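User: Could you go through this model with me before I head back to the bench? I have a few loose questions.

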Amino acid sequence: FQLVFDLVKMSGFKAQTPVSALIRTGKGGGGVDERKTRDSFRKEKDLEEDRKLGIEPACVDVDSGRDINPHIPQFITQTPWYVPAEGPTLKHQRPHWERQQEIDSGVHEWYKRGQQETSSKPVKFKPGSCENCGATTHKKRDCFERPRKMGAKHTNDDIAADDYLQPKLRLTSWEAKRDRWNGYDNTAYSEVIKEHEKQEEVRKIIKAEKLKEEKAIADAAKEKADADAENSADETKAEEEKVEKPVGEENTEEKVDEDLYAEDADMQSSVDMDSRTRITVRNLRIREDTAKYLYNLNENAPYYDPKSRSMRENPLAGVKGKEQQAAKFSGENFVRYTGEVVDANEAQVFAWSARCQGIDVHALAEPTKLEQLQRDFKSEKKDVKEETKKKLLEKYGGDEHLQAPPKELLLAQSEAYVEYSRKGTLLKGEERPLIKSRYEEDVYPKNHTAIFGSYWAVGRWGFRCCHSFVKQSYCIGEQGYAVNDEMAALPSMTKKETKEEEPIEDKSKEVKEEEEEKKEVKEESSSSSSSSSSESEDSEEEKEKQKKKKEEAAEEEKRRSERESRKRDRRREKRKRRAEKMGGKRKRKRHNSSSSESARSVDSSASEVEEDNTEDAKLQREVAKALKEEKKARKEAKKNERDRKYNTTYEIKKPSELEVEAYKLTQVHAADPMAKFIEEKRNK
């Protein structure tokens, strides 16, 4: 036993004793690893290396008696604790048939198709059978026959045959469940073979008919040649005709051979019918042609895919001196994006866009429907385009500009006759004057009829046609005179006005009052124009008209004084509102007789100024200003584009530190839980 134990120990086998056995015996030895000495560990390793080299014999399996491959790693050869083993074995790696479940159904087993014939009908009713029809394979509640007035149990007549029960297949493995050839019948492929055989027979019949026709043509030609040879009296011609006869026969034989070879050739392969270069090719290039990857051998040459034998880009694009070679092969993309491919891609894009609009159409499933829809869409689009063009021409005019020839032709034509010599020197006439400016002249953008810079007012350049000072603005004709003149008359924004902006409601009131004043001025101007026209009619009533003029001048002075008084009242109201808004921080100095009260007022005003000049007060002012600008911007964004004014009064300058800080304080972050509440509060 000691010798066997030493051999087992030297072989690298370790017996694994289960924990239950250790507890039952109450011993810690056996399966527990004992500490090895350095010599024993070294001997074990040397023995393992010798077995791998073939110097020592391999371990023998205790159960099967076979040698164990020494190259198998230890974690495979080592038995687990729940498999009892007396020595080295691979029993735990082999299948345990007694523990395995039933094997899956066979490859050829499947459900039977069609109605299966069963055994002969029984004569007597068997107990436990169907009480209605008498079949033994089902009960009365599962019977598919019409319910009889008296069941087969009582009459014992016309007992039905047993139903055919399909086999219960067992498909537990992954492959068995997903096998796509389950239930495949081999006999079904015989129909495919028969169909191909019929096609081959028809093809041979057609070939035979063609050969007969060619043979008849060759015989007729041969007979004609013989007749010509007999009729000709010249011996040399007769000899030549005799020499040519076998050549004709050889050609006919070659044609017959070609047909025979063509029958054996594959239908899909391309066949060269020339006898000298006959070769059956399957999508291969001719040996004399240059391969695609040999056109351009540079490092940055287009990529060649050897699997698909394709080179997408042109290998000779931009290479001088190889234009003829580039004409032979310009890359696969040249073929992919030419011809009907472009139309097919456009149809696919149209199908996608139509599907997004709710139209159910598919490019591959319904190509005819898609083509008809695309044709109708293009025609309708063309009609709508022509209608809109017609409406625009009716509204704004300009049809004569579309019908006129282009400016290049108009400027290039002239009646001046100029004659030059062969060297290019002037012989007769005058040369065309050179263009002095390198910039484009007479450019009329955005429907303008005058160039930018043809109008000057209020220290700015503009367009004469509409009095607009914005270079990228659209021309609205004489209607823009009043609007652009009003914009020019508005004063530019200063720093004080930006800091002390009025409320939006007060501004709207002022704008309404100014509009009323303008209406009054227009009425006065219209009355004055009517009075001037009446003066020219009658010379006798000049004195009366002069009196009327004086009265009108007096009335105008009264209106001016009233307007000035209104303006003063508005200014006072503005001051009052500003004072109320500031909350009484800036109070006027009260002039009292006593020197003590004046000193106190001076001290209080100085303290208020100091408070206003502190950083916190300045920051609060900037925050209020930023909120007001944001509110104003939101209101402007809600307006229509025609009602919105141009942003020409903004000052472009670097923001100060306080303005940056105010912007950060007023900015609403998306992660802020109160962001929605703040947005609603600001939108009110």
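Analyst: What follows is a short conversation about cysteines, salt bridges, the core and the surface of this model, which is a predicted one.

User: Cysteines first: how many disulfides does a search of the whole structure find?

Analyst: The search finds 0 disulfides. A disulfide is a covalent bond between the sulfur atoms of two cysteines.

User: Why is there no bond for C143?

Analyst: The cysteine sulfur closest to that of C143 belongs to C133, and at 3.7 Å it is too far for a bond, since a disulfide needs the two sulfur atoms within 2.5 Å. C143 itself is buried, at 16% relative accessible area.

User: And C466, which cysteine sulfur is closest there?

Analyst: That is the sulfur of C465, which lies 4.1 Å from the sulfur of C466 and is again too far for a bond. C466 is buried, with a relative accessible area of 1%.

User: Switching to charges, how many salt bridges does the structure hold?

Analyst: There are 18 salt bridges in the structure. One of them joins R203 to E200, with N and O at 2.5 Å, and both residues belong to helix α7, where they are 3 residues apart, or about one turn of the helix.

User: Is R203 buried or exposed?

Analyst: R203 counts as buried, because its relative accessibility is 16% and the limit for buried is under 20%. Its partner E200 is partly exposed, at 32%.

User: What about R375, which residue does it meet?

Analyst: The side chain of R375 meets that of E371 in a salt bridge of 3.3 Å, N to O. These two lie in helix α12, which covers residues 367-396, and are 4 residues apart, about one turn of the helix. R375 is partly exposed, with a relative accessible area of 47%, and E371 also counts as partly exposed, at 47%.

User: Which residues are linked in a network of salt bridges?

Analyst: D39, R42 and D46 are linked in such a network.

User: Now the inside: which residues make up the largest nonpolar core?

Analyst: That core has 7 residues, namely A347, F350, A351, A354, V361, A363 and L370. Helix α11, residues 340-356, gives the most to this core, with 4 residues. Leaving aside residues up to four places away in sequence, A351 touches V361, A363 and L370.

User: Last one, the outside: what makes the nonpolar surface patch?

Analyst: W181, Y184, Y189, V192 and I193 make a nonpolar surface patch of about 490 Å². Within this group, V192 has its place in helix α7, residues 189-231, and is partly exposed, with a relative accessible area of 30%.

Methods:
Residues are numbered from 1 along each chain as its sequence is written. This is a predicted model: local features need pLDDT of at least 70, side-chain atom pairs count only at pLDDT 80 or more; totals for chains, interfaces and linings use all residues. Side-chain values use heavy atoms; hydrogens and water are left out. Patches are made of residues with over 30% relative accessible area and no salt bridge: like charges are joined within 9 Å, nonpolar side chains (Val, Leu, Ile, Met, Phe, Trp, Tyr) within 5 Å. Accessible areas come from the Shrake-Rupley method with a 1.4 Å probe; for residues, only the protein chains shown count as cover. A salt bridge is a side-chain nitrogen of Lys or Arg within 4 Å of a carboxyl oxygen of Asp or Glu. Buried means under 20% relative accessible area, exposed over 50%, partly exposed in between (1.4 Å probe, protein chains only). A nonpolar core is a set of buried Ala, Val, Leu, Ile, Met, Phe, Trp, Tyr and Cys residues joined through side-chain atoms within 4.5 Å. Contact means heavy atoms within 4.5 Å.
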